[in-house]
Amino acid sequence: MDASSARLSLRAVALILLAAAVALRLLAPTAPEWASVLILLSAVGIGVVSLSRRATACDGAPAALQRRYTRNVLIGMGAYTVLLFVSLLLLRSVEAPVLRALIALMPVAPIALVLRAMVHFVRGVDELQQRIEFEAVCIAAALVAFAYMTAGFLQAARVIDVPASAAMLWVFPLLCGTYGIAKAIIARRYR
């Protein structure tokens, strides 16, 4: 699979997640609103990362590494989507706290697999690409932490009222999306 096929695959995952967010709202209107928002933000994050691949040196990654990365991300995000739907459906009928916790955490495992794929990808690219990845992650982490802290101050001052569960669930998708944008900008500096 070449780089353009990898981008196409990531965009397909983003579109699937976008469709899943819409389907969740239409087919399960009693599902928590944060679930569809989380899926939607994941779709946006993946879409931004796939678009940023065009402007970066990722195209220079070894083909086998790129294929493995794309395959693992597709599998992980597909499993995440399925397990999120399953967990939301099961949570409606389970009352025991321990079982609710286990069911609620089901979608976390596939995200861990995606993170593992990202780490393997970064370890397999050259030093320049690793520097681009590192800078993008640092900038993304700083911006998201700054936004989260700013929102915390506004929440403490009772200017905004965001449920804690929604705020916590937004951190990772926002980090992914911000990373994709930062990476596209940083990669231009090294052309």
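In which helix does glutamine 129 lie? Glutamine 129 lies in helix 6, and its surroundings are taken up in one of the views below.

This is a predicted model, in which local features need pLDDT of at least 70 and side-chain atom pairs count only at pLDDT 80 or more, while totals for chains, interfaces and linings use all residues. Residues are numbered from 1 along each chain as its sequence is written, and side-chain values use heavy atoms, with hydrogens and water left out.

**View A. The whole chain, with 7 helices and 0 strands.** Helices (H or I, at least four residues) and strands (E, at least two) are DSSP runs, numbered from the N terminus. Read from the N terminus on, the elements follow the order α-α-α-α-α-α-α. Of the 191 residues in the chain, 38% are buried, where buried means under 20% relative accessible area, exposed means over 50%, and partly exposed is in between (1.4 Å probe, protein chains only). Among the contacts in the chain with a separation of 6 or more, 77% join residues 24 or more positions apart, a contact being heavy atoms within 4.5 Å.

**View B. The packing of helix 3 (residues 63-91) against helix 5 (residues 108-124).** The two helices pack at an angle of about 165 degrees, and their axes are 8 Å apart; that makes helix 3 roughly antiparallel to helix 5. Axes are lines fitted to C-alpha atoms, for helices over the stretch in contact, and angles run from 0 to 180 degrees between N-to-C directions; angles under 35 degrees count as roughly parallel, over 145 as roughly antiparallel, 65 to 115 as roughly perpendicular and the rest as oblique. The crossing of helix 3 and helix 5 is left-handed, a term used if the near helix is turned anticlockwise from the far one by less than a right angle, with right-handed used if it is turned clockwise. The contact includes Leu65, Tyr69, Val73, Gly76 and Leu83 of helix 3 and, from helix 5, residues including Ile111, Val114, Met118 and Phe121. By class, the residues of this contact divide into 13 nonpolar, 5 polar and 1 charged, with Ala, Val, Leu, Ile, Met, Phe, Trp, Tyr, Cys and Pro counted as nonpolar, Asp, Glu, Lys and Arg as charged, and the others, Gly among them, as polar.

**View C. The aromatic pair of tyrosine 69 and phenylalanine 121.** A search of the whole structure finds 1 aromatic pair. The ring centres of tyrosine 69 and phenylalanine 121 are 4.8 Å apart and the ring planes stand at 40 degrees, so the pair is tilted. Rings of Phe, Tyr and Trp (its six-membered ring) pair if their centres lie within 6.5 Å, and planes under 30 degrees apart count as stacked, over 60 as edge-to-face and the rest as tilted. The pair links distant parts of the chain, with tyrosine 69 in helix 3 and phenylalanine 121 in helix 5, 52 residues apart, and both tyrosine 69 and phenylalanine 121 are buried.

**View D. Serine 87 in helix 3 and alanine 112 in helix 5.** Serine 87 is buried, with a relative accessible area of 2%, and, when residues up to four places away in sequence are not counted, serine 87 touches Ile103, Met106 and Pro107. Alanine 112, by contrast, is partly exposed at a relative accessible area of 42%; alanine 112 and tyrosine 80 are 32 residues apart in sequence, and their C-alpha atoms are 9.9 Å apart in space.

**View E. The packing of helix 6 (residues 127-156) against helix 7 (residues 164-189).** Here the angle is about 135 degrees and the axes are 7 Å apart, which makes helix 6 oblique to helix 7. The crossing of helix 6 and helix 7 is right-handed. Among the residues that make the contact are Gln129, Ile132, Val144 and Tyr148 of helix 6 and Val171, Leu174 and Ile186 of helix 7; the contact has 18 nonpolar, 2 polar and 4 charged residues.

**View F. Glutamine 129 in helix 6 and valine 171 in helix 7.** Glutamine 129 counts as buried at 2% relative accessibility, and its C-alpha atom is 8.6 Å from that of alanine 61, with their positions 68 residues apart in sequence counted as their separation. Valine 171 is partly exposed, with a relative accessible area of 30%, and touches Val144 and Tyr148, not counting residues up to four places away in sequence.

**View G. Arginine 158 in the loop between helix 6 and helix 7.** Phi of arginine 158 is near 60 degrees, a positive value in a residue other than glycine, and arginine 158 counts as exposed at 76% relative accessibility.
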